[in-house]
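Here's a quick tour for anyone meeting this structure for the first time. Take a look at the sequence and the model, then read on.

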Amino acid sequence: MNQSSLPIEQFVTFKPLNEDSIRHYLSDLSFIAPIGFHIVNSIDSTNTYLKNTPSNATEISVCIAETQTNGRGRLGRHWVSPFGENIYLSSRWTLHDCVSKLAGLSLVVSLAIQASLEQQGINDTIQVKWPNDLLWQHKKLCGVLIEVIPDIKGNIQVIIGIGLNVNTVIKDDTLIDKPWCSLHEITHQYFDRNKLIAHLLWVLNGHLKQFRAGGFNAFLTQWNKVDYLKGHNITLMHPNGLMQGIANGVSEKGNLYLIDNQGKQHELSSGEANLIKVTN
Ligand code: BTN
């Protein structure tokens with residue numbers, strides 16, 4: 001698909017990704033950190049691009065594409081990336097001494113996206129599902145793929161890949177097996193992705209600074225306000241098998257608390273969680 005095959009209403013409002021426009025919005029926000037942009041029409045995966053590009057620790061590298069031919073999700077899944085509709089963005093950041101805190105990092109990234117959308121007036125309840133999905137009315141709005149590259153100086157570089165469904169008009173779609181949604185479905189509006197991207201990078205930069213200084217602890221209150229799983233009966237697929245129980249929030253490291261059927265609380269650092277639907 002290319003620009004000429006967008007739905008008519010969307011074609012009229014279509015604004016291509018544009019570096020000058022993003023920089024203009026960044027300067028409105030007084031964002032001054034150096035950023036190197038690589039903005040393309042089509043790429044296999046924005047995360048893969050940054051992984052294969054020599055790092056420049058003096059700036060934040062950002063790759064954004066109108067479409068991805070091999071967009072990657074967590075657990076080896078494919079990320080569907082229709083042309084010109086959504087945000088497919090990867091950014092690379094250098095973190096110092098943070099290896100032990102990485103579990104918290106995923107949660108902080110999803111909180112940054114949620115906060116950015118809320119600050120831009122998207123007020124409908126958007127929740128975060130541990131460790132880093134954003135959901136609206138049980139449907140996936142955004143996914144995050146974080147990849148870690150240790151560097152020779154003992155720092156780590158993290159590549160934060162964000163797939164945010166923005167202007168896609170949701171139809172019965174067999175390409176994606178799980179329920180999903182877009183900002184358009186939530187608000188019935190089309191968005192200028194350049195403005196969303198600038199704001200998102202600004203909030204992400206602020207959240208990462210705070211995370212580097214104080215770890216995940218400082219974000220616990222924010223997490224508790226938007227935690228999708230808390231108090232619900234869930235299944236958790238994790239490296240040692242399938243667990244079931246009640247999600248009981250997260251620890252100060254960002255690990256998930258799960259109370260099993262015997263009442264024992266477990267603290268888990270990885271896994272794929274899903275609500276168990278109650279049927280009447
Ligand atoms: C998930 O499985 O929920 C994570 C999806 C992450 C998709 C984004 S789109 C931009 C970046 N490039 C990729 O190949 N993946 C991430």
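Let's start with a term: a polar contact is a pair of N or O atoms within 3.5 Å. Keep in mind, too, that what you're looking at is a predicted model.

**The ligand**

With that term in hand, on to the ligand. It has 20 residues around it, and the closest are S45, Q68, R72, R74 and K140. Here are some of the polar contacts:

| Residue | Protein atom | Ligand atom | Distance |
|---|---|---|---|
| S45 | polar side-chain atom | oxygen | 2.7 Å |
| R72 | polar backbone atom | nitrogen | 2.7 Å |
| K140 | N or O atom in the side chain | oxygen | 2.6 Å |

How much of the ligand's accessible area does the protein cover? On its own the ligand has 420 Å² of accessible area, and the protein covers 99% of that.

**The sheet of 7 strands**

Now for the strands. General background helps here: strands of a sheet pair through backbone hydrogen bonds, and they can do so parallel or antiparallel.

One open sheet has 7 strands with mixed pairing, in the order β1-β2-β3-β7-β6-β5-β4. At its edges you'll find β1 (35-43) and β4 (127-129), each paired on one side only. On average, neighbouring strands in this sheet are turned by 20° against each other, direction ignored.

Look at the β4 end: β4 and β5 (residues 133-136) run antiparallel and are joined by 3 bridges. There, V128 sits opposite L134 in β5.

Helices pack here as well. Helix α2 (residues 19-28) lies across β1 and β2 (60-68), at about 140° to β1. Helix α6 (residues 193-214) packs on the sheet too, touching β1, β2, β3 (87-95) and β7 (156-164), and its direction makes about 25° with that of β3.

**A residue in helix α4**

S116 belongs to helix α4 (residues 102-119). Is S116 buried or exposed? Its relative accessible area is 1%, and buried means under 20%, so S116 counts as buried. Leaving out neighbours within four places in sequence, S116 is in contact with H199, L200 and V203.

**The sheet of 5 strands**

There's another open sheet, this one with 5 strands in the order β11-β10-β9-β8-β12 and antiparallel pairing. Why do β11 (265-268) and β12 (272-275) each have one side without a neighbour in the sheet? Because they stand at the edges, where each has a single partner strand. Here neighbouring strands are turned by 45° against each other on average, direction ignored.

Within this sheet, β8 (residues 233-238) and β9 (residues 241-250) pair in the antiparallel sense over 6 bridges. To spot this pairing, find T235, which stands opposite Q244 in β9.

Conventions: Residues are numbered from 1 along each chain as its sequence is written. This is a predicted model: local features need pLDDT of at least 70, side-chain atom pairs count only at pLDDT 80 or more; totals for chains, interfaces and linings use all residues. Side-chain values use heavy atoms; hydrogens and water are left out. Two strands pair if DSSP finds at least two bridges between them. Helices (H or I, at least four residues) and strands (E, at least two) are DSSP runs, numbered from the N terminus. Axes are lines fitted to C-alpha atoms, for helices over the stretch in contact, and angles run from 0 to 180 degrees between N-to-C directions. Buried means under 20% relative accessible area, exposed over 50%, partly exposed in between (1.4 Å probe, protein chains only). Contact means heavy atoms within 4.5 Å. A residue is near a molecule or strand if one of its heavy atoms lies within 4 Å of it. A polar contact is a pair of N or O atoms within 3.5 Å; within protein, one must be able to donate a hydrogen and the other to accept it, and residues adjacent in sequence count only if both atoms are side-chain atoms. Accessible areas come from the Shrake-Rupley method with a 1.4 Å probe; for residues, only the protein chains shown count as cover.
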